[in-house]
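Trainee: Could you walk me through this structure? I'd like to learn how to read its features one at a time.

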Amino acid sequence: MSAPLRVAVDRDACCGSGNCVRTAPEVFDQDDADGLVVLRQAEPPESEYDAVREAAYNCPAAAIEVTEP
Amino acid sequence: MSDTLATNVPTYPFGNAGLEPLLPDLGADGVGRVQLPTGQQAWLFTRHEHLRELLRSADFSSDFTRPGFPLIRPIPEDMPRRPDGSLIRMDPPEHTKFRRMLTPEFMIKHIRTLEPLIRQTVVVALESMRAGGQPADLVEHFALPVPSMVICHLLGVPYADHDYFQERSRILLAWSSPPEQVRDAIEEMRDYLTRLIAARRDEPGEDLISRLAAERVATGEMTEEELVGLSVLLLIAGHETTSNMIGLSTLVLLKHPEQLRQLRERPELIDDTVEELLRYLTIVRTGLTRVAVTDTEVGGHRIAAGEGVIALLSAANRDADVFPDGEEFDLHRGSHQHMAFGFGIHQCIGQPLARAELRIALSEMITRLPGLALAVAPDDVRYRDAVVFGVQRLPVTW
């Protein structure tokens, strides 16, 4: 079995646009206190891979890093 | 400086002739130079890939007080050039500090709690338009008042003052306004909000301006001047953009009856429809302006420190590499990569609010007005000649 896809977020870079939460709500959330990105799962299931890649591509601040399996 | 070298460069901005954004032929590369009304020249980028690179790059500044910043309209000599509080004209780290004061206010969860209020505002406006008889101007009775009332509620601005700030907002954004009139409109908006902030400081309400006054100005994190600048930006951006989107979206849907029929049959298509309308219309037709702060490159083009660039969102949103047949409106497209809200750290902070307003306004409108139709020929619809694209009026029957 190959390694899982891994997601990392950079809260310092995040601008709180909420794009990732719209695209992959199972993986990303916004912090109640500051509206910045919160990672719900760093190794999401395969069913989320496409959404996670799209979230990273569309992140205006390039705050999402995806390490492919 | 290359400012003096190029001749025969097209004059920018290109104007708003209709639904199709105007664009000079720049060749396959989609990069060129343009002449600005201020006498400057600037780079023009139109490809989706180039805009992604440019707008995410820290080599460009949004601060319009920097030398070489491309100004797309002349400003009076005596006009104070202060980015204070106006987020879209700030760079990190100040921009980051200010933006983060607002991110919890506009995050998706918070906007969701406003949806009942948005729906109620939409329904009241629609029913009042219907009661007033037909034909009616959809802009005056629906597209303009709904976002205006919602942003007033959010900011704590009395809606009763809407004639005052809408008139000044209109002057500010119209290309035809002389620079002195623009300057006066800005100063009057600032004076108006200065008085409002003072009132909210003495008697706070449950609104954003009251919260910022109490939690940020009183604590010294933000000056009162900065709160004024920020409030002007939020008030204008909060109603002009969404109201023009509602008017134009209605026109586009009426011009595509088959797609409108599908949307009425399958209301769950509304989210994709809103995204496609955002892409297709891209109402910030003037694009985004930046100045290079260091020698850099975009798409292999070398840009010197101090040179201005324009990122033309409306062109990138029709880039055939990303949106095949991009000149066609197709609600099934799944336009998730569009840049209608910009890109980079300045991407619209109010986008969850804009999306909620568009989704609710358009859904309620097509449900409650099943016979909605234009009361004029499509060719007779007049567009706004303004920084934010839109229709002047939209006479409809139902």
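Mentor: Let's start where the chains meet. A polar contact is a pair of N or O atoms within 3.5 Å; within protein, one must be able to donate a hydrogen and the other to accept it, and residues adjacent in sequence count only if both atoms are side-chain atoms. Across the interface of chain A and chain B, 16 residue pairs are in polar contact, both residues being at pLDDT 80 or more. One thing to keep in mind: this is a predicted model, local features need pLDDT of at least 70, side-chain atom pairs count only at pLDDT 80 or more, and totals for chains, interfaces and linings use all residues. Residues are numbered from 1 along each chain as its sequence is written, chains are lettered from A and ligands numbered from 1 in the order in which they are written, and side-chain values use heavy atoms, with hydrogens and water left out.

Trainee: Which elements of chain A each supply at least two residues of the side that touches chain B?

Mentor: First, the vocabulary: helices (H or I, at least four residues) and strands (E, at least two) are DSSP runs, numbered from the N terminus. On chain A, the elements that each supply at least two residues are α1 (19-23), β2 (28-30) and α2 (49-58). The most comes from α2(A), with four residues. By class, this side of chain A has twelve nonpolar, seven polar and eight charged residues. Here Ala, Val, Leu, Ile, Met, Phe, Trp, Tyr, Cys and Pro count as nonpolar, Asp, Glu, Lys and Arg as charged, and the others, Gly among them, as polar.

Trainee: How many salt bridges are there between chain A and chain B?

Mentor: Three. A salt bridge is a side-chain nitrogen of Lys or Arg within 4 Å of a carboxyl oxygen of Asp or Glu. One of them pairs B:K109 with A:D29, where the closest N and O atoms are 3.3 Å apart.

Trainee: And how do I put a size on the contact?

Mentor: The size of an interface is often given as the accessible area lost when the parts come together. Buried area is the accessible area (1.4 Å probe) that two parts lose on being put together, summed over both. Between chain A and chain B that area is about 1900 Å², and carbon and sulfur atoms give 46% of it. Of the area that chain A buries against chain B, A:R22, A:Y57 and A:P60 supply 31%, more than any other three residues. Counting by contact (heavy atoms within 4.5 Å), chain A brings 27 residues and chain B brings 20 residues.

Trainee: What about salt bridges over all chains?

Mentor: The whole structure has 35 of them. Take B:R119 and B:E364, whose closest N and O atoms are 2.6 Å apart. This pair links distant parts of the chain, 245 residues apart: B:R119 is in helix α3 (residues 108-131) of chain B and B:E364 in helix α13 (residues 351-368) of chain B.

Trainee: Now sheets, please. What is the strand order in the open sheet of five strands in chain B?

Mentor: Strands of a sheet pair through backbone hydrogen bonds, either parallel or antiparallel. For counting, two strands pair if DSSP finds at least two bridges between them. The order in this sheet of chain B is β1-β2-β8-β5-β3, with mixed pairing. Both β1 (31-35) and β3 (60-61) of chain B stand at the edges with a single partner strand, so one side of each is left without a neighbour in the sheet. Further in, β2 (residues 41-45) and β8 (residues 308-311) of chain B run parallel, joined by four bridges. In that pairing, B:F45 has B:A311 as its bridge partner.

Trainee: Which residues show an unusual backbone?

Mentor: Most residues other than glycine have a negative phi, and most peptide bonds are trans. In chain B, the bond joining B:Y12 and B:P13 is cis, with omega about 0°, and B:P13 lies in the segment before β1 of chain B. Another cis bond runs from B:Q134 to B:P135, with omega near 0°; B:P135 sits in the loop between α3 and β4 of chain B. A:A62 is not a glycine, yet has a positive phi of about 55°. You'll find A:A62 in the loop between α2 and β4 (64-67) of chain A.
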